[in-house]
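Q: Please take a close look at one part of this fold, chosen for the way it is packed within the chain. I would like a connected account of its surroundings, residue by residue where that is useful.

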Amino acid sequence: SPKPKKNRLLLVAGLFLTVVAAGIAAFFIVQPPEAEIVQPPVEILIEEIQNAALGNAAKTHIFGGAITTSVRNTQLFVTVEDVPRAVCGDTVWGLVKKGTIAINGKISRRMSPDTVRHLCASNGEKAKIVWRPDQP
């Protein structure tokens, strides 16, 4: 008899539409988990250098090079080895207003982006940064 087939078809179609509607609603209602805020590696490096100046030096920085501190004539120096050229400039800019910086053994009185880029590249792919924080 045609009536039960039609009822079954309507029931299946109704269930299908209900499932689709529920799926669409769930898609818009359920928010994906909020992405974790990831600190850029150059900011982590700057933080590691500043922590070293406070006496909390890690033996190596985020890029694997050494971080060491030394005191000469009561002045504190933080030496950062093997800084990748790609982050050298941003690292220098993050510290330049907070002290004196030598890049690959050279200090420039005028720190311009071109000067910093040139000094960061003067030793190949890795740079050595020495930072003398300003005295409080």
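A: In this predicted model, the secondary structure of the protein chain comprises 4 helices and 4 strands. Read from the N terminus, these elements follow the order α-α-β-β-α-β-α-β. Of the 136 residues in the chain, 26% are classed as buried. Among contacts with a separation of 6 or more, 55% join residues that lie 24 or more positions apart. The part examined here is helix 3, which spans residues 85–95.

The buried residues of helix 3 are Val87, Cys88, Gly89, Thr91, Val92 and Leu95. A general property of the helix is useful when reading such a list: there are 3.6 residues to a turn, so residues three or four places apart point the same way. The buried residues of helix 3 pack against helix 2, strand 2, strand 3, helix 4 and strand 4. Two of these partners, helix 2 and helix 4, can be described through the geometry of their axes.

Helix 2 (41–53) packs on helix 3 at an angle of about 50°, the two axes being 9 Å apart. Helix 2 and helix 3 are therefore oblique to each other, since the angle falls between the limit of 35 degrees for roughly parallel and the 65 degrees at which roughly perpendicular begins. Their crossing is right-handed. On the side of helix 2, Val42, Leu45, Ile46, Ile49 and Gln50 make the contact, while helix 3 contributes Val87, Asp90, Thr91, Gly94 and Leu95. By class, the residues of this contact are 6 nonpolar, 3 polar and 1 charged.

Within this contact, Thr91 merits separate attention. Thr91 lies in helix 3 and counts as buried because its relative accessibility is 0%. With neighbours within four places in sequence left aside, Thr91 touches Val42, Leu45, Ile46, Ile49 and Ile129. Val42, Leu45, Ile46 and Ile49 are among the residues that helix 2 brings to its contact with helix 3. Ile129, for its part, falls within the span of strand 4 (126–133).

The second helical partner is helix 4 (residues 113–121), whose packing angle with helix 3 is about 135°, again with the axes 9 Å apart. Helix 3 and helix 4 are therefore oblique to each other, since the angle exceeds the 115 degrees at which roughly perpendicular ends but does not pass the 145 degrees required for roughly antiparallel. This crossing is right-handed as well. Here Arg85, Cys88, Gly89, Val92 and Trp93 of helix 3 meet Pro113, Val116, Cys120 and Ala121 of helix 4. The contact consists of 7 nonpolar residues, 1 polar residue and 1 charged residue.

Helix 3 also takes part in the largest nonpolar core. That core has 22 residues, and those with the most contacts inside it are Val80, Cys88, Ile101 and Ile103. At least two residues of the core come from each of helix 2, strand 2 (75–84), helix 3, strand 3 (99–103), helix 4 and strand 4. Helix 2 supplies the largest share, with 5 residues. Cys88 thus appears in two roles: it meets helix 4 from helix 3, and it belongs to the group with the most contacts in the core.

Ile101, another member of that group, carries the description beyond helix 3. Apart from neighbours within four places in sequence, its contacts are Val92, Leu95, Val96, Lys106, Ile107, Met111, Ile129, Val130 and Trp131. Val92 and Leu95 in this set are buried residues of helix 3, and Ile129 is also a contact of Thr91.

The loop between helix 3 and strand 3 contains Lys97. Lys97 is exposed because its relative accessible area is 77%, above the limit of 50%. Its C-alpha atom is 8.8 Å from that of Asp134, although the two residues are 37 apart along the chain.

Two backbone details complete the surroundings. Asp82, in strand 2, is not a glycine and yet has a positive phi, near 55°; its relative accessibility of 41% makes it partly exposed. Asn104, in the loop between strand 3 and helix 4, likewise has a positive phi without being a glycine, at about 50°. Asn104 is nevertheless buried, with a relative accessible area of 12%.

Methods
Residues are numbered from 1 along each chain as its sequence is written. This is a predicted model: local features need pLDDT of at least 70, side-chain atom pairs count only at pLDDT 80 or more; totals for chains, interfaces and linings use all residues. Side-chain values use heavy atoms; hydrogens and water are left out. Axes are lines fitted to C-alpha atoms, for helices over the stretch in contact, and angles run from 0 to 180 degrees between N-to-C directions. A crossing is left-handed if the near helix is turned anticlockwise from the far one by less than a right angle, and right-handed if clockwise. Contact means heavy atoms within 4.5 Å. Ala, Val, Leu, Ile, Met, Phe, Trp, Tyr, Cys and Pro count as nonpolar, Asp, Glu, Lys and Arg as charged, and the others, Gly among them, as polar. A nonpolar core is a set of buried Ala, Val, Leu, Ile, Met, Phe, Trp, Tyr and Cys residues joined through side-chain atoms within 4.5 Å. Buried means under 20% relative accessible area, exposed over 50%, partly exposed in between (1.4 Å probe, protein chains only).
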